[in-house]
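Here are some notes for a colleague who is meeting this structure now, on the subject of its aromatic rings. Please read them with the model open beside the text.

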Amino acid sequence: MAWEPLAVARWHPVRTFGATGGVFALLFILTESVQNLLAGRGFSLPSGFLWLFVVGGVLGGALLAWLLWERLGAERSPRRGAAVGALVGFLALPVPFYILELALVVAQGIPFEPQPGVSPLVQLLTDFVLLPLVPLFLGALGLLPTYGGTVVIGALVGYLLARE
C-alpha cells in the first residue's frame, strides 16, 4: 500500500490541525521579515515572544480538534468537516494570546496597569477578570489581520479530512 499524505492526515486529525495551526502562525509571524527581505532591508527573525504564537497555533489547533472533531461528527461528511474545521480555526485564535499572556505573567508579573485609588482586593479581582477576557478579545480582533484566514484554512482542512 502506498503512503498517501491525505490518508495519514485522516487517521490523525488532531495532529493535522495542530500542524496546520503551527504552520499558519509561522507564516504569519514571518511575513514582515520576508517583506523586509524582498524590499532589500535584510532578513531578521521575529522577537522571542512572537515565537509563542507558533506554539499557540500548534496547541490551539490540536486541542480544539481533539475536543470537537469526533464529538461533532466531522468525519461523517465534507460539509460537516468544513464547518467543524472552520470552528476549530475560529476558536483557536485566542490560544496563542493565552500562551503569550502566561509567558508575560511568568516573565514580568501581571501585565495590567494598577488602577489608581482602588483597594488591593478590587485590583486583584480586576486582574482575574482581565486575564481570561483580554485573550478572547484579542483573538476576535485577530480575525482582522489574518483576514479570517484561520477560519478558511480550518474549513479547508476539515473538508479535506472528511472527504472520501
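1. In this predicted model, arginine 71 lies over the face of tryptophan 66, and the distance from the ring centre is 5.8 Å.

2. How many aromatic pairs does a search of the whole structure find? The search finds two, and they are taken in turn below.

3. Phenylalanine 17 and tryptophan 69 form a tilted aromatic pair, with 5.5 Å from centre to centre and an angle of 55° between the planes. The pair links distant parts of the chain, given that phenylalanine 17 belongs to helix H2 (residues 13-38), while tryptophan 69 sits in the loop between helix H3 (51-68) and helix H4 (78-91), 52 residues apart.

4. Are the members of this tilted pair buried or exposed? Phenylalanine 17 has a relative accessible area of 4% and is therefore buried, the cut-off being under 20%; tryptophan 69 counts as buried too, at 4% relative accessibility.

5. Phenylalanine 53 and phenylalanine 97 form an edge-to-face pair, in which the centres are 5.3 Å apart and the planes stand at 85°. Because phenylalanine 53 lies in helix H3 and phenylalanine 97 in helix H5 (residues 94-108), this pair ties together parts that are 44 residues apart in sequence.

6. As for accessibility in the edge-to-face pair, phenylalanine 53 is buried, with a relative accessible area of 18%, and phenylalanine 97 likewise counts as buried, at 18% relative accessibility.

Methods:
Residues are numbered from 1 along each chain as its sequence is written. This is a predicted model: local features need pLDDT of at least 70, side-chain atom pairs count only at pLDDT 80 or more; totals for chains, interfaces and linings use all residues. Side-chain values use heavy atoms; hydrogens and water are left out. Rings of Phe, Tyr and Trp (its six-membered ring) pair if their centres lie within 6.5 Å; planes under 30 degrees apart count as stacked, over 60 as edge-to-face and the rest as tilted. Helices (H or I, at least four residues) and strands (E, at least two) are DSSP runs, numbered from the N terminus. Buried means under 20% relative accessible area, exposed over 50%, partly exposed in between (1.4 Å probe, protein chains only). A charge sits over a ring if NZ of Lys or CZ of Arg is within 6 Å of the ring centre and within 35 degrees of the ring normal.
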